[in-house]
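Biologist: I am new to this structure and would like a close look at one pocket. Please start there and then go on to whatever surrounds your account of it.

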Amino acid sequence: MSRDAVPPPVRLGDYLPPDWLIDTVHLDVRLHPTASRIIARLAMRPNPEGREGSPIVLDGDELSLKSLTLDGVPLAGTAYVVTPTALTLLAPPQRALTLEIETVVNPSANTKLMGLYRSSGTYCTQCEAEGFRRITYFPDRPDVLAVYTTRIEAEREEAPVLLGNGNPVESGAVEGTSRHYAVWHDPWPKPCYLFALVGGRLDRITEDFVTATGKKVALGIYVEPGKTERAGYAMDALKRSMRWDEEVFGCEYDLDVFNIVAVADFNMGAMENKGLNIFNDKYVLASPQTATDADYANIEAIIAHEYFHNWTGNRITCRDWFQLCLKEGLTVFRDQEFSADARSRPVKRISDVRLLKGHQFPEDAGPLAHPVRPDSYREINNFYTATVYEKGAEVVRMLKTLLGDEGFRAGMDLYLDRHDGDAATVEDFLACFADANGVDLTQFALWYAQSGTPQVTVSGCWDEAGRSYTLDVVQTLAPTPGQSEKLPMVIPLAIGLVGPDGADMPLTPDDGSNAERGVLLVTQPRQSFVFRDIAQRPVPSLNRGFSAPVKLTTDMSTADLLFLARHDSDPFNRFDATQTIALSHLVQATAAARAGAALPAPDALVAALGATLEDGTLDPAFVAQALSIPSETDVAREIGEDVDPDAIHHARTTLRQAVSGALAPALAAIYARHAPAGIYSPDAASAGRRALRNTCLDLLAAGGTEESLARAQAHFEGADNMTDCFFALSVLAHAAPQAREAALAAFHERFREDPLVVDKWLALQAQIAEPQALERVRGLTQHPAFAWSNPNRVRALIGSFAGLNPTQFHRIDGAGHDLVADAVIDIDGRNPQLAARLLAAFKSWRSLEPVRRASAEAALRRVAEKPGLSPDASDIVGRSLG
């Protein structure tokens, strides 16, 4: 049985406690490729806070019910009702009872990759958000916490490795058969979405970790046979993240074992199941020959993220799925802090903000906008969004900015102590920080409730005679779907006043200007902040470190921005000043391109970039970020409406050519100076040097000279690591059509047996901004390396085309929109989550110019009209069109 196509909306305001609680769950899972049998024994009791005399209602999806007993007695058919979505016991005794349910599922046919399925012959599970109901009937909600004991049985030859949550209890042969079993027990109560099991032929690497209190934990990383040599970096990242969490948050691991399993078929990046994390293998496997520096950084961050969930997500979980940001946004903040400590904090902050602006800001500005904590949903799988994750992390970061390091740690300590073992809410979380610091966070809570990105406009005025400087601040928040009226937010605006000598001036605020620690507390629609003893005109450095996720508009001149790009002590704002100059130029150049006029000269940007190149004190990784020209998506976001992707592409290409020509000698010198020396290492300093060298290579090639393209070809042929090899291939693919095909063929021939590297090859070709891209993508869907059944392959090819090739996805003839719509329609019946995520590429369709806007709308309506459209895709397309 399968669930209804269009579920009714779920609303936060309708939340009721569960009518029945479950104390213990005993699962007996007998694995079989097409008929896995699950016997679930549930120790249940009425919830004193639930509705008296309620039936027992258990969720289900595509289950085959084989037997049902209550306290050991088979139930008559009149005692229960089975529907495609539920099993209901109509009149259970209102006391503690034991319910035993036997179901059968087909893991090999489970293409949705939710519940119990097979990945390359390995049995594995994915239960978040609502996958456990595809294993057995259960109250599949995060506020039902139970202690689990799981017996897993399988053919020894097929699945010699059997893993579950918690600690291993026993294992052995099943007498008289070729099968064996393992029993796992998790002593910590958890919701069913954290349940996991794995069975298969896997190799592993192992190490021990000794916690701060001397407890030894056995660590294991399981991979497909023959790939253990590529799991070492993931193990190193795991151990470092465990130690960091002890030192920074006081969080110690609480089981005897911690296992990670890498699988090839996975809808997400990874899953934090208690003691048994299951990962998309792209975020575990790495070697210098197959992984780029970005891959290593992602592995480090995602290993840490899933481990950090052990406390912020597992020990303290969500009361309901509306509180998803409580575990995800908080844990993203924690993994960002870990990576900042492990690498370059300024560079990490820049990359995080670029991700936020590139993915979350457009979400906030389009039809899919929703609050960090939504108040309703139809399909929870569609709310694993940049708003919940990245903006959720920014909200936590603002708490730290408001309260300071000590105040933030006090709030976190209280939260971890007060709610250990709870299913908590955002209100619970904020109350801990309010109580620990004696502050009122009522207005701050609007960050969780209101969607959209606040617009902050700041103007400055220096009073020479009065020796004072005034900042006038205006905040606005535009209407978003379902929210026409908005209240003013709490915006912590970190600032500095930079004097003519390039040094920060002392801040002496007038009474009431609340500029403690260099942070303006903006709480009203309009406010003025006055600083005394300002003898010379300063240049304001605003929203330092991107202290608040807002769109900032100022009255600063280009000269002021150039000054900050050279002198600001805040690395993020030094970077941002250059980006602001570049964006301003690109917006003007795009308008000129649309009008058929001459494009303006980029003199200011060339000056800013030249100054950055000349400053030998800067971190190479920072210089690489500063040299990056804003993406076409960045420019489209800045323009906001009536967007013409072709004009943006022309303006950006012309700008890169101009920068290349103006700065070629300096770029070539830096490229030569950062030639590799010694054996490849993924450490941050080495990665930063490679990033700068490769950025120089890219900008030089943008000039299109024979010398620059020959340099790129030599870089490609001489590379001894994937970072340099793939970056040079990318340069050739985009800038050297005459060399492209030979380079792509050579790369594929070398790495054709490695699916994760082939994904890079597919993704690169999908991003080539030329009219032939559409046919190239269509042709690659027929390539032996591509498989519609594997999410990684689909995301690499179709996802990259839709998300990273705006001129071709938004072709004027609509063919790009049709390609993605066709893919969604085809995939939806097999893997609804993947289809819905592809549909999200249309999130900014309303900002396009009229012809492209009409084409995108037509494609969305064609998807909406597909008979039997899944709830996942129906929800996205409905909100997109609504």
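Modeller: The second largest pocket has a volume of about 1,200 Å³. A pocket here is an open set of points on a 1 Å grid over the protein atoms alone, with protein on both sides within 12 Å along at least five of seven lines. Grid points are joined across faces, edges and corners, and the volume is the space filled by probe spheres set on the points. The model is predicted, so to speak of local features requires pLDDT of at least 70 and side-chain atom pairs count only at pLDDT 80 or more, while totals for chains, interfaces and linings use all residues. Residues are numbered from 1 along each chain as its sequence is written, and side-chain values use heavy atoms, with hydrogens and water left out.

The lining of the second largest pocket consists of 41 residues, those with an atom within 4 Å of a point. Nearest its centre lie Val10, Asp59, Arg133, Asp140 and Arg141. Strand S1 (10–11) and S4 are the elements that give two or more residues to this lining. S4 gives the most, with four residues. Strands (E, at least two residues) and helices (H or I, at least four) are DSSP runs, numbered from the N terminus.

S4 also belongs to an open sheet of three strands, in the order S4-S8-S7 and with antiparallel pairing. Strand S4 (56–59) and strand S7 (80–83) are the edges of this sheet; each has a single partner strand, so one side of each is left without a neighbour in the sheet. From one strand to the next the twist averages 10°, taken between axes that are lines fitted to C-alpha atoms, with angles from 0 to 180 degrees between N-to-C directions. Two strands count as paired if DSSP finds at least two bridges between them. S7 and strand S8 (residues 86–89) pair in the antiparallel sense over four bridges, and Leu87 in S8 is the bridge partner of Val82.

Enclosed space is a separate matter. A cavity is a set of points where a 1.4 Å probe fits but cannot get out. The whole structure has two cavities of 30 Å³ or more, and the largest holds about 40 Å³ of space. Its lining is made of Thr312, Gly313, Ile316, Thr317, Cys318, Leu326, Lys327, Leu330 and Tyr415. Strand S22 (317–318) and helix H3 (324–342) each supply at least two of these residues, and H3 gives the most, with three.

Burial can be followed in another strand. In strand S19 (residues 257–263), seven of seven residues are buried, meaning under 20% relative accessible area, where exposed is over 50% and partly exposed lies in between (1.4 Å probe, protein chains only). In a regular strand the side chains alternate between the two faces of the sheet. Both faces of S19 are covered, with Val257, Asn259, Val261 and Val263 buried on one side and Phe258, Ile260 and Ala262 buried on the other. S19 pairs with S18 in the parallel sense over five bridges, and Gly220 stands opposite Asn259.

Strand S18 (216–223) leads into a loop before helix H1 (232–249), and Pro225 is placed in that loop. Leaving out residues up to four places away in sequence, Pro225 touches Arg201, Leu202 and Asp203, where contact means heavy atoms within 4.5 Å.

Three single residues complete the account. Ser36, in strand S3 (residues 36–46), is buried, with a relative accessible area of 0%. The side chain of Ser36 reaches the backbone oxygen of His32 at 2.8 Å. Beyond four places in sequence, the contacts of Ser36 include Thr103, Val104 and Tyr123.

Asp754 sits in the loop between helix H17 (737–751) and helix H18 (755–766), and is buried at 11% relative accessible area. The side chains of Asp754 and Arg230 are joined by a polar contact of 2.8 Å. Such a contact is a pair of N or O atoms within 3.5 Å; within protein, one must be able to donate a hydrogen and the other to accept it, and residues adjacent in sequence count only if both atoms are side-chain atoms.

Glu170, found in strand S14 (residues 167–173), is partly exposed, with a relative accessible area of 43%. The side chain of Glu170 makes a polar contact of 2.8 Å with the side chain of Tyr181.
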